[in-house]
Amino acid sequence: MGFFSRKRTSALEAVANAPVGARVIVEGTGATIVGTLVFQSGGDRWVEHRLTTDDGRQVWVSIENFDTTVATRWDLADPSAVTGGPDGTRSGYGGTPFTRSETGMASFISKGDTGCNENGSVDFVDFAADDGRRLGFERYGEIGARRRSIAVAGNCPNCGAGLTVDPHGRCQHCGAAATADVGQWDDWEVSVGTDVTSALTLG
Ligand SMILES: [Zn+2]
């Protein structure tokens with residue numbers, strides 16, 4: 001058991017430290033890192049990679065150290081399915097209850113194409129469910145820190161075509177950066193996190 005958990009941790013740390021342009025395998029699909037946010041909050045440090053998969057999807061994955069190293073895939077939540085919010089101790093998504101687990105503010109630096117400026121800060125509030133899923137609220141509010149919302153599915157925000165991205169995270173139809181804001185300035189964005197700790201390796 002110890003052997004496997006150490007191996008898994010070192011494999012994830014290799015992904016965490018991989019540069020923009022590196023190849024990874026996420027949930028069985030090859031992908032390229034197109035951008036990375038490196039966060040720092042107090043003594044904690046973690047990364048989120050923006051990936052484009054070989055089948056033309058965009059995926060955000062975070063790699064964090066808790067008791068062990070954990071990888072999480074983050075998908076934009078359907079706001080209409082969220083109950084409660086960052087100010088409460090409980091929240092819900094699609095009928096599943098979530099309990100507040102972490103809150104704080106982090107500074108970040110951005111590498112590659114993330115949709116963010118080179119640096120900035122973000123407020124975050126994390127909730128966790130019994131089934132292992134997470135619900136993350138983030139607010140990019142500092143002057144100069146662009147929001148990083150990504151149109152991960154649906155239609156291109158520029159040309160309206162069904163969204164398939166090239167290896168650089170751009171719409172294959174019109175070439176526009178496939179990013180879009182989902183909220184207003186200073187609003188909270190909500191993402192649903194799914195554990196991919198055992199499904200993320202260097203490619
Ligand atoms: Zn387009």
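Colleague: Which residue of E2 does Val-26 stand opposite?
Modeller: This is a predicted model, where local features need pLDDT (the predictor's confidence in each residue, from 0 to 100) of at least 70, side-chain atom pairs count only at pLDDT 80 or more, and totals for chains, interfaces and linings use all residues. Residues are numbered from 1 along each chain as its sequence is written. E1 and E2 (residues 29-41) pair in the antiparallel sense over four bridges; two strands pair if DSSP finds at least two bridges between them. Opposite Val-26 in E2 stands Thr-29.

Colleague: What is the bridge partner of Val-26 in E12?
Modeller: E1 also pairs with E12 (residues 200-202), antiparallel, over three bridges. Strands (E, at least two residues) and helices (H or I, at least four) are DSSP runs, numbered from the N terminus. In E12 the partner of Val-26 is Leu-200.

Colleague: Which residues of E1 point to the buried face?
Modeller: Side chains alternate along E1 (residues 23-26). Arg-23 and Ile-25 point to one face and are not buried. Buried means 20 or more other C-beta atoms, placed from the backbone, within 10 Å of the residue's own; 12 or fewer is exposed, and in between is partly exposed. The buried face belongs to Val-24 and Val-26.

Colleague: How many residues are in the largest nonpolar core?
Modeller: A nonpolar core is a set of buried Ala, Val, Leu, Ile, Met, Phe, Trp, Tyr and Cys residues joined through C-beta atoms within 7 Å. Those with the most contacts inside the largest one include Val-24, Val-26 and Leu-200. H1 (2-16), E1, E2, E3 (44-53), E4 (58-65) and E5 (69-76) each give two or more residues to this core. Its residue count is 23.

Colleague: How many residues make up the second core?
Modeller: This core is separate, and Val-125, Phe-127, Val-190 and Val-192 are among its members. The count is eight.

Colleague: What is phi of Glu-27?
Modeller: Glu-27 lies in the loop between E1 and E2, a hairpin with two residues between the strands. Glu-27 is partly exposed because 14 other C-beta atoms lie within 10 Å. Its phi is positive, in a residue other than glycine, and near 50°.

Colleague: Why is Thr-69 classed as buried, and how many other C-beta atoms lie within 10 Å?
Modeller: Thr-69 lies in E5. Its C-alpha is 7.7 Å from that of Thr-197, although the two are 128 residues apart in sequence. Thr-69 counts as buried because the number of other C-beta atoms within 10 Å is 20.

Colleague: Which glycine has a positive phi in the turn between E8 and E9?
Modeller: E8 (residues 96-112) also pairs with E2, antiparallel, over six bridges. Ten bridges join E8 to E9 (residues 119-128), again antiparallel, and Phe-108 stands opposite Gly-120. The hairpin has six residues between its strands. With phi of about 90°, the glycine in the turn is Gly-115.

Colleague: Where is confidence highest?
Modeller: The mean pLDDT of the protein is 85, and 85% of its residues reach 70 or more. There are one helix and twelve strands. Confidence is lowest in H1, at a mean of 71. At 98, the highest is in E1.
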